[in-house]
Amino acid sequence: WMDLLRIPVAPTDKDNGKDLPESVEIIHKLIDAQVAAGIPPNRIVLGGFSQGGALALVASLKYTKALAGACVLSGWCPPSADVAPLAAASANKGIPFLVCHGSADRTVLPVCGEGVRDVLEAAGTPVEFH
């Protein structure tokens, strides 16, 4: 997981990026293992809640093969991942993303989910937002 410097998480918060690259690498190895077992990447969906949502967002955008989709539940764009240019150049910018965020979330502010949606839409990524 990631080292959170502040709760509630807000889009203007900085992060130290600690553990995010290692976590993304673990997710990519899990995907690669499934691909090696015969499951095509375009049949794999990544998803996560809260920190897992932020991780699913970054891991899917950094993965070099097209996935089936991604689901970000109560997540955010980790500033250290520089998500906007990452999304614009990603092999997965064309996959569907489901982004959901509760309006009463006091741990990860709802504006964070809106930020994920906005960044993905700006990159031309199909997003369903709730």
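These are my notebook entries on a predicted model, covering its strands, a cavity, some backbone oddities and a few buried residues.

**Entry 1: the strands**

I started with the strand order and went pair by pair. β1 takes in residues 45-49, and β2 covers residues 69-73. These two run parallel and share five bridges. For a landmark on this pair I picked Leu 46, which sits opposite Ala 70 of β2. Between the two strands the chain passes through helix α2, residues 51-62, and the β-α-β crossover comes out right-handed.

Next I looked at β2 with β3, where β3 is residues 97-100. The pairing is parallel again, with four bridges. Here Cys 71 faces Leu 98 in β3. The connection goes by way of helix α3, residues 83-89, and this crossover is right-handed.

Then came β3 with β4, residues 127-129. I found three bridges, also in the parallel sense. Val 99 has Phe 129 in β4 as its bridge partner. Helix α4, residues 110-122, links the two strands, and the unit of β3, α4 and β4 is right-handed.

**Entry 2: the two faces of β1**

Which residues of β1 are on the covered face, and which on the uncovered one? Leu 46 and Gly 48 make up the covered face. Val 45, Gly 47 and Phe 49 make up the uncovered face. The every-other-residue pattern is what I'd look for, because side chains in a regular strand alternate between the two faces of the sheet. Leu 46, on the covered face, is also the residue I had noted opposite Ala 70.

**Entry 3: the cavity**

How many cavities of 30 Å³ or more are there? I get one. Its volume is about 180 Å³. The lining has 20 residues, and those closest to the centre are Leu 4, Lys 14, Asp 15, Trp 76 and Pro 79. I also checked the lining by class: 11 residues are nonpolar, three are polar and six are charged.

**Entry 4: backbone oddities**

I went through the backbone angles next. The peptide bond between Ile 7 and Pro 8 is cis, with omega at about 10°. Pro 8 belongs to the segment before α1.

Two serines caught my eye for positive phi. Ser 50 has phi near 60°, and it is not a glycine. Its place is the loop between β1 and α2. Ser 74 has phi near 50°, again positive in a residue other than glycine. This one lies in the loop between β2 and α3.

Are these serines buried or exposed? Ser 50 has a relative accessible area of 17%, so it counts as buried, the cut-off being under 20%. Ser 74 is at 8%, so it is buried by the same cut-off.

**Entry 5: Pro 41**

Where is Pro 41? I found it in the loop between α1 (20-36) and β1. Its relative accessible area is 16%, so I filed Pro 41 as buried. What does it touch, leaving out residues up to four places away in sequence? The contacts are Val 35, Lys 65, Ala 66, Leu 67 and Ala 68. I also took a C-alpha distance from Pro 41 to Thr 64: 9.9 Å in space, with their positions 23 residues apart in sequence.

**Entry 6: His 28**

His 28 is part of helix α1. With a relative accessible area of 15%, His 28 goes down as buried. Which residues does it contact, once neighbours within four places are set aside? I get Ala 59, Lys 62 and Tyr 63. Of those, Ala 59 and Lys 62 fall within the residue range of helix α2.

**Entry 7: Ala 123**

Last on my list was Ala 123, in the loop between α4 and β4. It has 13% relative accessibility, so I marked it buried. Setting aside neighbours within four places in sequence, Ala 123 contacts Ala 87, Ala 88 and Lys 93. Ala 87 and Ala 88 are within the residue range of α3. I measured off Thr 64 here too, in the computed sense: the C-alpha atoms of Ala 123 and Thr 64 are 16 Å apart, and the two are 59 residues apart along the chain.

Technical notes:
Residues numbered from 1 in each chain as written. Predicted model: local features only at pLDDT ≥ 70, side-chain atom pairs only at ≥ 80, totals over all residues. Heavy atoms only, no water. 1 Å grid on protein atoms, 1.4 Å probe; cavity = no way out; pocket = protein on both sides within 12 Å on 5 of 7 lines; lining within 4 Å. Points joined across faces, edges and corners; volume = space filled by probe spheres on them. Nonpolar A, V, L, I, M, F, W, Y, C, P; charged D, E, K, R; others polar. Buried < 20%, exposed > 50% of the residue type's maximum accessible area, 1.4 Å probe, protein only. Pairing = 2+ DSSP bridges. Right-handed = clockwise from strand over helix to strand, strands pointing away. Contact = heavy atoms within 4.5 Å.
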